[in-house]
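Me: I would like a close look at a single part of this model, starting from one residue and its surroundings. Please take it slowly and keep the reasoning connected.

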Amino acid sequence: MGDAVRAGVIGVGFMGAVHARAIRRSGATLSRVAGSTRESSRAGADRFGAVHPGDTAEALLAADDIDVVHVCTPNAAHGPLVRAAIANGKHVVCEKPLGVSLPEAGDLAALAEAAGVTATVPFVYRFYPTVRLARARIAAGTAGALRLLHGSYLQDWLADEHGDDWRVDPASGGPSRAFADIGVHWCDLVEFVTGHRIVRLAARTTVAVPARGGRPVHTEDAAVLLFETSHGALGNLTVSQVSPGRKNRLWFSVDGAAESLSFDQEAPETLWVGARAANQQLLRAAGDTTRYDALPAGHPQGYQDCFDAFVADTYSALSGAAPDGLPTFTDGLRAARLTAAVLRSAERGTWVDVND
C-alpha cells in the first residue's frame with residue numbers, strides 16, 4: 001500500500017488507547033474510533049486524536065476511509081466484529097482471545113485466510129529485543145538441547161474481593177479468565193522463543209475469590225500447568241491474577257544443556273544467561289542488536305515500544321512484506337487450542353493432548 005495506512009479502533013478503554021498510540025507512531029492515519037455509545041465514541045475520538053468524530057461500530061466497519069480495523073472490545077464482541085470487518089474487506093488486528101471458544105477462533109482464522117486479508121493478534125511480548133536475542137541464541141544452538149521450560153505470569157489486580165470488571169463475567173470474557181487473558185501470552189512467547197510446541201498438559205485451576213461485585217465467580221483466578229513439548233522437554237507454568245505485589249510479571253527460564261536463558265518482562269533491558277562456569281547479564285543493544293532496538297542502550301524500551309513494533313510490522317504486511325515472527329490469527333487459534341486443553345484438563349483432572 002503506497003499511501004499511509006488508514007486505521008479504525010473499536011473500543012475506547014486501556015487497550016484502545018495503546019493501539020491508538022501505536023497507530024500514530026507507525027505513521028498511519030487514525031481515521032475513526034468507535035465505543036459502545038455515541039458519547040464514548042466522541043470522547044474516544046477526541047482523546048485518541050482521530051480525524052473524524054466518534055462513530056458507531058457499524059459505521060466504522062463500513063467506512064471507505066478505513067484499511068484496517070483494530071478490535072479492542074470485551075472478548076464476546078471479538079467474533080462478530082471480526083466477521084463484519086472481513087465481510088467489509090478490511091484487514092484486522094484483534095485483541096486476544098481471538099474467540100471465546102475454540103470453534104469460534106477456528107472460524108475466524110479460516111475466514112481471514114479465505115478472504116486473503118492480513119489478520120494479526122497482538123502477542124507483543126515477542127517484540128522485546130532481548131526476547132529476539134534469546135530466540136537467536138537457541139536457534140544457533142548456543143543453549144544446547146532444551147530440557148526444561150518454566151516460569152510464571154503473575155498479576156495482582158484481582159487479589160481481593162474489591163477487584164472486578166467485565167473479564168470476570170463469562171458472558172463478556174468467556175469461560176477462561178486468567179489463562180485466556182495472560183497465560184496464553186506466556187505460552188506464545190515460550191513457544192516462539194524455543195520452537196517447541198506444548199503437546200500434552202495437566203492443569204489445575206482455582207477460584208480464589210468466590211464472589212465479586214455481588215455475583216459468584218466462575219472463571220479462574222489462577223492456574224498451574226505441567227506440560228510436555230514436541231521436542232521432549234518438560235515444563236511448568238503458574239498463572240495468577242491474585243498475587244499481591246506482582247503487577248505484570250511475565251518471567252520464563254529456558255534451560256538447555258549448555259546454558260539457561262531467563263527473561264523478565266518487568267526488567268526487559270537484560271537477558272540472564274546462566275552457565276556452569278559463569279553467569280552473564282546481557283544488556284539490550286550492548287552487543288548484538290535487532291531491528292527492534294529503537295533506542296540506544298541505557299534508554300529503556302518497554303511494553304508500548306513492543307506494541308509500536310507489532311503494529312508497524314502488521315502494516316508492513318499489508319503491503320506484502322512478511323516480517324519474521326508476526327503473530328497472526330493462526331497464533332490466535334493456537335492460543336484458543338491451549339485454552340481449551342487447560343479447561344478440559346482441569347475439568348477431568350487428567351493429562352490431555354493439545355490437538356493441532
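Reply: In this predicted model, K90 sits in the loop that runs between α4 (78-87) and β4 (91-94). K90 is buried and yet has no salt bridge, since the nearest side chain of opposite charge, that of D65, is 6.7 Å away, whereas a salt bridge would need the charged atoms to be within 4 Å. What the side chain of K90 does have is backbone oxygen: a polar atom of this side chain lies 2.5 Å from the backbone oxygen of A63, and the backbone oxygen of I66 lies 3.1 Å from a polar atom of the K90 side chain. Leaving aside neighbours within four places in sequence, the residues in contact with K90 are L61, A63, D64, I66, D67, V69, A85 and V117, so that A63 and I66 appear both in this list and as the owners of the backbone oxygens just described. For a second covered element, turn to helix α6 (residues 129-139), where eight of the 11 residues are buried, among them P129, R132, R137 and I138. The buried residues of α6 pack against several elements, including β6 (146-154), α8 (178-194) and β12 (249-256), and the helix is followed by G141, whose phi is positive, near 85°.

Of these partners, β12 is largely enclosed by the rest of the structure, because seven of its eight residues are buried. Strand β12 pairs with β6 in the antiparallel sense over eight bridges, with S152 standing opposite W251 in β12. Five bridges also join β12 to β13, again antiparallel, with V254 opposite L261 in β13, and a hairpin of three residues connects β12 to β13.

Notes
Residues numbered from 1 in each chain as written. Predicted model: local features only at pLDDT ≥ 70, side-chain atom pairs only at ≥ 80, totals over all residues. Heavy atoms only, no water. Helix = DSSP H or I, 4+ residues; strand = E, 2+ residues; numbered from the N terminus. Buried < 20%, exposed > 50% of the residue type's maximum accessible area, 1.4 Å probe, protein only. Lys, Arg positive; Asp, Glu negative; His and termini not counted. Polar contact = N/O pair within 3.5 Å; in protein donor to acceptor, adjacent residues only side chain to side chain. Contact = heavy atoms within 4.5 Å. Pairing = 2+ DSSP bridges.
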